[in-house]
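Subject: Structure handover

Hello,

The structure we talked about is below. My notes on it follow; please read them with the structure open.

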2 protein chains.
Amino acid sequence: MILSLVMTKIEMDSLLLCEIRVVIFSLYENRLQSLLSKSIEPLGSGQWEIPGSPIKPDLSLEETASTALTRLTNIQEPYLEQLFTYGETNRHPEKQLISVVYFALIPTDSHQNTILIDQDIKWSPVSSLPMLVADHHQILQYAVRRLRYKLEYSAVGFELLPDTFTLSELQQTYEIILEETLDKRNFRRRILQAGIIEPTPHQKGGEGRPARLYRYRPDAIAEVKARRLFP
Amino acid sequence: MILSLVMTKIEMDSLLLCEIRVVIFSLYENRLQSLLSKSIEPLGSGQWEIPGSPIKPDLSLEETASTALTRLTNIQEPYLEQLFTYGETNRHPEKQLISVVYFALIPTDSHQNTILIDQDIKWSPVSSLPMLVADHHQILQYAVRRLRYKLEYSAVGFELLPDTFTLSELQQTYEIILEETLDKRNFRRRILQAGIIEPTPHQKGGEGRPARLYRYRPDAIAEVKARRLFP
DNA sequence: CCAAAAGTGTTCTATGTACACCCATGC
DNA sequence: GCATGGGTGTACATAGAACACTTTTGG
């Protein structure tokens, strides 16, 4: 009786797998790139996958995602957001594999801190991904769609830049992710009117006229309400 | 050795609980209401909770949610959408409880079909909820926010109405959920311009002048793209 | 004929879009 | 002094918001 209960529990357990995956985005070489790790599963061995971690019962899902992220990069306070939870039955040949997927944005100036342990981790442009295990390609494409979508109605663009940045850098960020060119004057007017960034006293030199540096206003409303399409 | 492995597995298993919850919305007595079930857990015994189901390894998450919904209502093709996955460590005193939460919209004419098994299931207006177990109150409030938000940029309003409906009924639906009054002429113009509903040859009688019945155009684009706030 | 709900257009305002030149610095 | 990228304003088109009366039916 007790033994049978034990067996049932084990069988139940072995049918259900729960994990965290984190789609990590960054701008790199003027392209939107994502961090991939080499699969160690026997099934997808040698293929690349979205980095992840088993669920740790003593941490919340977001803390687990954050920990997985810190293991790969040195980012302290990354932008992290839950994307979707995948649980189709065909994701794994034997078990039901549930993946709670997050997406993270890390600033351009933090690449140096990315720990690229031998050849098992690499950045890959989202426009030319290698073969990925299972449905990871689909997941990553969805994450890109969400990032683009989010860029259109919220302020998430700053998360991919250093603490201070020029308006041109910010515009380039938008252009790279949205894959279209934007009008400089309109871009500046709108982003400044929204009141989510403020000028700093500093400038950035280089070729040509120096540019004013701006920073995100942490006190600004995090998410600006999208205007309604319907009444 | 084997025994210790077994024990570990059991302990691991007993630390992680995975479930589906479905926030079920409907319009009822001119209010937005949600279906609640009485908790049978020893902890929240007697309190109300968002209905749910354990995860079934042979079904996808969405199928499990759909099954749980069909058990409570007789809706065949409900509107069902993933809301969020909750996994804070303080949700359950001993274990880590992961709840994949969906939200469902069911039409007003299907209330009769709702199976209200004795007193263990009831409709409750979202504006006056009873005490709910754990963080279910917070989850439900978030679902309401998402519903309102979604109503503003997509076409979900129809999902709460019968197959055919008058423009006044549709406007009332929006007004109830958004908790504000809308201009009749602007509402009609915009909803018709969007091209997501079409007139039927039928009318609905009653007091006053009969109203034309409309229906959702299944071929219309499901989600109309929200206009950009940022460039 | 009256009560009750359906249906219909126009004006004004705000927001988005398109577009070209001068400015400050380093070499 | 010139090459390089930074910075600025205006006119036009489009979309949203405010607003009041006529129409059709049942009793």
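Which residue follows α5(A), and what is its phi? The residue after α5(A) is A:Gly195, and its phi is positive, near 70 degrees. Helices here are DSSP runs of H or I with at least four residues, strands are runs of E with at least two, and both are numbered from the N terminus.

Before the rest, some bookkeeping. This is a predicted model, in which local features need pLDDT of at least 70 and side-chain atom pairs count only at pLDDT 80 or more, while totals for chains, interfaces and linings use all residues. Residues are numbered from 1 along each chain as its sequence is written, and chains are lettered from A and ligands numbered from 1 in the order in which they are written.

Chain A

Chain A has five helices and 10 strands. Of its 231 residues, 30% count as buried. Buried means that 20 or more other C-beta atoms lie within 10 Å of the residue's own; exposed means 12 or fewer, partly exposed is in between, and C-beta atoms are placed from the backbone. Among the contacts in chain A between residues at least 6 apart in sequence, 63% join residues at least 24 apart. A contact requires C-beta atoms, placed from the backbone, within 7 Å.

Helix α5(A) is hardly covered, with one buried residue among its 10.

Two residues in the loop between β1 (16-28) and β2 (31-38) of chain A have a positive phi without being glycine: A:Glu29 and A:Asn30. Phi is near 50 degrees for A:Glu29 and about 60 degrees for A:Asn30. A:Glu29 is exposed, because 8 other C-beta atoms lie within 10 Å. A:Asn30 is exposed too, with 11 such atoms within 10 Å.

The DNA strands

Around DNA strand C there are 20 residues, and the closest are A:Arg209, B:Ser168, B:Arg185, B:Gly208 and B:Arg212. A residue counts as near a strand if its C-beta atom, placed from the backbone, lies within 6 Å of it. Two or more residues each come from α5 (184-193) of chain A and from α4 (167-178), α5 (184-193) and β10 (211-216) of chain B. The largest share, four residues, belongs to α5(A). By class, the surface near strand C has 11 charged, six polar and three nonpolar residues. Nonpolar covers Ala, Val, Leu, Ile, Met, Phe, Trp, Tyr, Cys and Pro; charged covers Asp, Glu, Lys and Arg; the others, Gly among them, are polar.

DNA strand D has 19 residues around it, of which A:Ser168, A:Arg185, A:Gly208, A:Arg209 and B:Arg209 come nearest. Here the elements that give two or more residues are α4 (167-178), α5 and β10 (211-216) of chain A, with α5 of chain B. The surface near strand D divides into 10 charged, six polar and three nonpolar residues.

Strands of chain B

Strands of a sheet pair through backbone hydrogen bonds, either parallel or antiparallel. Pairing is called when DSSP finds at least two bridges between two strands.

Chain B has an open sheet of three strands, in the order β8-β10-β9, with antiparallel pairing. Its edge strands, β8 (164-165) and β9 (197-204), each pair on one side only. Two bridges connect β8(B) and β10(B), and B:Phe165 has B:Tyr214 as its bridge partner in β10(B).

Strand β6 (residues 96-105) of chain B is mostly covered, with nine of its 10 residues buried. It runs parallel to β1(B), with 10 bridges between them, and B:Glu19 is bridged to B:Ser99 in β6(B). Strand β5 (residues 79-86) of chain B runs antiparallel to β6(B) over seven bridges; there, B:Thr85 is partnered with B:Val100.

The nonpolar core

The largest nonpolar core has 96 residues, and A:Val22, A:Val23, A:Ala104, B:Val22, B:Val23 and B:Ala104 touch the most other members. A core is a set of buried Ala, Val, Leu, Ile, Met, Phe, Trp, Tyr and Cys residues joined through C-beta atoms within 7 Å. Beyond its neighbours within four places in sequence, A:Val22 is in contact with residues including A:Pro51, A:Ala65, A:Leu69 and A:Ala104.

Regards

Conventions: Two residues are in contact if their C-beta atoms, placed from the backbone, lie within 7 Å.
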